Amino acid sequence: MAFREKIHWVTLVTMILAFGWYFLAYPWQIADRPAAVWATAGMLVPVTIAIIVAMTVATAFLAIRNRGEVDVKEDERDRSFHMHGTHYAYYPLVVGIWVNIFLIFWGIGQAQQLNLMIATLVVAELVRIGTQLFLYRRGY
């Protein structure tokens with residue numbers, strides 16, 4: 001498994017665990033109140049810190065274990081995988097943004113809208129990373 005593929009696996013698992021906790025532990029019963037915006041902010045701080053710490057530790061660990069692959073430049077295959085991942089991530093991102101725009105006019109609460117935007121970004125990022133991993137596994 002290539003170094004970049006390992007980093008993508010770590011990113012995928014980290015995102016699923018961090019945002020899985022976020023969306024499962026979120027106080028949805030207060031999502032329509034103004035205090036929910038502050039709950040969102042308060043929960044995003046540990047999620048962000050956890051992602052930064054996990055990615056830093058995992059990248060350092062993988063870099064130490066794979067010293068020869070760390071400085072290898074991205075080739076056309078890696079760039080192609082990145083381009084395809086970004087291409088497929090664009091669609092859930094656009095759909096999520098349009099859903100957010102429509103829900104503004106239907107009076108959705110600020111915290112609910114903020115969570116929908118976060119979910120849109122997370123889904124788009126998971127699609128991007130998942131597509132890249134699929135392409136690495138398939139060997140295209």
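## A tour of the core and the salt bridges

Start by selecting Glu5, which counts as buried at 3% relative accessibility. What you have open is a predicted model, so treat each stop as a feature of that prediction.

**Stop 1: the partner of Glu5.** Add Arg137 to the selection: its side chain and that of Glu5 meet in a salt bridge, 2.6 Å from N to O. Now colour by helix. Glu5 sits in helix H1 and Arg137 in helix H5, so this pair ties together parts that are 132 residues apart in sequence. Is Arg137 buried or exposed? With 52% relative accessibility, Arg137 counts as exposed, while Glu5, at 3%, counts as buried.

**Stop 2: Asp78 and Arg4.** Step back to Arg4 and show Asp78 as well. Their side chains form another salt bridge, at 3.8 Å from N to O. This pair also links distant parts of the chain: Arg4 belongs to helix H1, Asp78 to helix H4 (residues 76-105), and their positions lie 74 residues apart in numbering. Turn on a surface and check the two ends. Asp78 is buried, its relative accessible area being 11%, whereas Arg4 is partly exposed at 26%.

**Stop 3: a pair within helix H5.** Next, select Glu125 and Arg128. Here the side chains meet in a salt bridge of 2.4 Å, N to O. Why are Glu125 and Arg128 separated by about one helical turn? Because they are three residues apart in helix H5. Glu125 counts as partly exposed, with 25% relative accessibility; Arg128, at 16%, counts as buried.

How many salt bridges does a search of the whole structure find? Three.

**Stop 4: the largest nonpolar core.** Hide the charged residues and bring up Ile7, Phe19, Tyr22, Tyr26, Val47, Ile51 and Ile118. The largest nonpolar core has 17 residues, and these are the members that touch the most others in it. To see where the core comes from, show helix H1 (3-25), helix H2 (35-65) and helix H5 (110-138): each of them supplies at least two of its residues.

**Stop 5: Phe19 up close.** Finish by centring the view on Phe19. Which residues does Phe19 touch, leaving out those up to four places away in sequence? Select Leu44, Val47, Ile51, Ile118 and Val122, and you have its contacts. Val47, Ile51 and Ile118 should look familiar: like Phe19, they are among the core residues that touch the most other members.

Key. Residues numbered from 1 in each chain as written. Predicted model: local features only at pLDDT ≥ 70, side-chain atom pairs only at ≥ 80, totals over all residues. Heavy atoms only, no water. Core = buried A, V, L, I, M, F, W, Y, C linked by side-chain atoms within 4.5 Å. Buried < 20%, exposed > 50% of the residue type's maximum accessible area, 1.4 Å probe, protein only. Helix = DSSP H or I, 4+ residues; strand = E, 2+ residues; numbered from the N terminus. Contact = heavy atoms within 4.5 Å. Salt bridge = Lys/Arg side-chain N within 4 Å of Asp/Glu carboxyl O.
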